[in-house]
Each structure stands twice: as structure tokens, then as C-alpha cells.
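This report describes selected local features of one protein chain. It takes up backbone geometry, the packing of a helix pair, the nonpolar core and the cysteines.

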Amino acid sequence: MPELLGRGYCGGHVTLMFTIEDSASDPVNQGSRGVGICLEDGVEIICRGREGNGDLDVFFTDYIGDSRLYKDALSLLSDGVPEVMEYDWEATVKLGLPTGQGFGMSAAGSVSFCNSIQRAIGIPYEEGHRRSLMVAHLVDRKRSSGLGDVTALSAGGVEIRKIPGSPFSGHLLENGPGKSEGWTAKAEIILAWNREGGKHTSSYIDNPEWRGLISAAGSKNLEDLTHKKWNESIWSDILVNSRKFSVESGLSSEKSRSEVLRKCEDAMMEGGMNHSGVALLCMLGTSVAIVPNSLESGLEGVDQVRSLLDDHGLENILTRIGDI
């Protein structure tokens, strides 16, 4: 049996506001409503398969991830594509962003991994991609590592998640139950984060007090956006409501987040970006997305601000809004 080879890529995702809606018994129906930004940078995976018994070896370049995520994805993928277990797999994972910082890397990793394996065995792209999104959603729910990142990635760009749940489901990979909508623009974004990392997503979404605060703030701020036309004209409203959500949910008052936000705002002021950009917390990392006030004008003084972020001890990267 010849060696198989497949490549997968998926950008990350930043959540700006959200609700927690995971009371359904079936994880396909669990998830969140919310608003966020899909990113150009994310996860690239190359998978090589040789005749075997479904063993998986995972190797990371750049940032280090959790190999168990990919083993969970392979197990769930085999439910729909049992022939993947006729091979032993070697996955080389290139993470463009760190894990555990609110950049949707668990979702992006699962999608990229499943796409690469299905491409290797010759599954048609559309069928394979739908299955990848469904499996990635189930992996996130199994691990409590995410709620709505996968549904967001299925839309792309600047997205709103209107109905919680997996974007695809069932053996026929039908649409839904999760529903999302996106639009995109050619705009740069600076991501900045604390090197020490933050709490696991489960410490918030599985905590009753945090669940109440987050969902109440999310519902309130989504109400202002849900009935408006979802295109570039809503950008300024997204910025306002994202800031309000971070305060009303209590997430911006946590010391680790408030310190990163303060350092970003100081760097923006020193670098002359305070009039062209705004710093928004990424949920649920110890991280910030610096986005432009105007999509047409973009961020000013990017290089200087990134240098100042380095001086303030924050890791950072320049990325862009992802495609739809």
C-alpha cells in the first residue's frame, strides 16, 4: 500500500462576545451565540499515512500543542470514515499562534487535521470539509476547549453566530443546527498576549457564576447587533458592544487580562495608534486584538507599536481578517 500525503490549513478565531448554550444533551446542539473575527494565521498540518492500525504520532513546529486533541479528532473522524484506521499516521503540526490564548487554535487544529487526512485518502473537498467542521465541533465540546469557534470558522471573516450548535451534522452532513454569517475586509490586526498563558476555557464555561455573568452580558450586547444588516457598516457597533461585553461580563476586571489590556493601550498611546485603533479582549485568553477604528484607514504606526509591545513584555503578531 503506497504512502499517503495530505495537507490541511485553517485560520484561527477570536471571540469578542458570546453566550454559553451547552444544556442540550447532544453536543451537536451545544455551542454559543456570539461575534468574533476569523484570522489569516492559524494551523497548517501535513499528514503522512502508511499501512497500519490507526496509530498516530504528532510532531509540533514553532508553538507546542496537545497531541491528545489530534488523537480525539482521529477517533471521531473514524466514525464517518472508518478506512482512516487502516493506516498509521504521522502529523506535522505548525501552529501559527499559541494555544490557550483565545485564538481558537483547538478548533483550527482539528479542522486542519481532519482536512489533511481526508485529502490524503481522496475524500472530495466539500464533503471532507463539512465532516472536518463537524468533528472539530465535537472535539471542542468533548474537551470543553471551545463553544462556537468551529461554527464561526464555517462562516469566516467577521462573523456572528446566531444559532448555537455544529455547522454540519448527521451522516449526510446536512447544514446546521448551528448558524453563522460572515463578511470580510482587508484589514490588519495585531494580536498581543501574555507569555505566561491563561486559564483553560473550561474554568469559565463550566463555572456557574461565570456562566451567568457571561451569558447575560452576551445576550444583552448581541441584542443590539442581531437585527442589523451584517456587513461592514456594523463595524463601529461591534467595537462598542465588544468593549461593553468585556466589562459587563466581569472578564476585563480579572487582573491578568486588565494588565495585558493596559499594556496594549499604553503602547498604542506611545506609538500614536490611539486614534486609529482600539484594543479588544480575546475571549477567553490573556490576550488582546488591536483592531482599526476604520476598516478603510487601518492601523497607523504598526511597527512602532509592535516594538513597544515587545518592550512591555507582550508577545505579538501581525495578522489579518480571514476570508469567508
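L284 sits in the loop that links β10 (277-281) and β11 (287-292). The model is a predicted one, and in it the peptide bond from M283 to L284 is cis, with omega near 15°. A cis peptide bond also joins G176 and P177, with omega of about 15°; P177 belongs to the loop between β7 (174-175) and β8 (179-183). As background, most peptide bonds are trans, and most residues other than glycine have a negative phi.

Two residues depart from that pattern in phi. D62, which is not a glycine, has a positive phi of about 60° and is found in strand β3 (residues 56-62). L173, likewise a residue other than glycine, has a positive phi near 55°; L173 is placed in the loop between β6 (168-169) and β7. Their surroundings can be described by accessibility: D62 counts as exposed, at 55% relative accessibility, whereas L173 is buried, with a relative accessible area of 5%.

**Helix packing**

Two packed helices are described by the angle between their axes and the distance between the axes. Helix α2 (residues 105-121) packs against helix α3 (residues 125-143) at an angle of about 140°, and their axes are 8 Å apart. The crossing of α2 past α3 is right-handed. On the α2 side the contact includes S106, A107, V111 and C114, and on the α3 side Y125, H129, L133 and V139 are among the residues met. The residues of this contact divide into 8 nonpolar, 7 polar and 3 charged.

**Nonpolar core**

The largest nonpolar core has 97 residues, of which Y70, W89, F113, L191 and I290 touch the most other members. Helix α2 supplies the largest share of this core, 8 residues. Leaving aside residues up to four places away in sequence, the contacts of W89 include L4, C47, L56, L74, V84, I117 and I121.

**Cysteines**

A disulfide is a covalent bond between the sulfur atoms of two cysteines. The structure holds 0 disulfides. The table gives the nearest cysteine sulfur for C38 and C47.

| Cysteine | Nearest cysteine sulfur | Distance |
|---|---|---|
| C38 | C10 | 8.0 Å |
| C47 | C114 | 9.0 Å |

C47 forms no bond with C114 because the two sulfurs are too far apart, given that a disulfide requires sulfur atoms within 2.5 Å. C38 is buried, with a relative accessible area of 4%, and C47 is buried as well, at 0%.

Note on methods: Residues are numbered from 1 along each chain as its sequence is written. This is a predicted model: local features need pLDDT of at least 70, side-chain atom pairs count only at pLDDT 80 or more; totals for chains, interfaces and linings use all residues. Side-chain values use heavy atoms; hydrogens and water are left out. Axes are lines fitted to C-alpha atoms, for helices over the stretch in contact, and angles run from 0 to 180 degrees between N-to-C directions. Helices (H or I, at least four residues) and strands (E, at least two) are DSSP runs, numbered from the N terminus. A crossing is left-handed if the near helix is turned anticlockwise from the far one by less than a right angle, and right-handed if clockwise. Contact means heavy atoms within 4.5 Å. Ala, Val, Leu, Ile, Met, Phe, Trp, Tyr, Cys and Pro count as nonpolar, Asp, Glu, Lys and Arg as charged, and the others, Gly among them, as polar. Buried means under 20% relative accessible area, exposed over 50%, partly exposed in between (1.4 Å probe, protein chains only). A nonpolar core is a set of buried Ala, Val, Leu, Ile, Met, Phe, Trp, Tyr and Cys residues joined through side-chain atoms within 4.5 Å.
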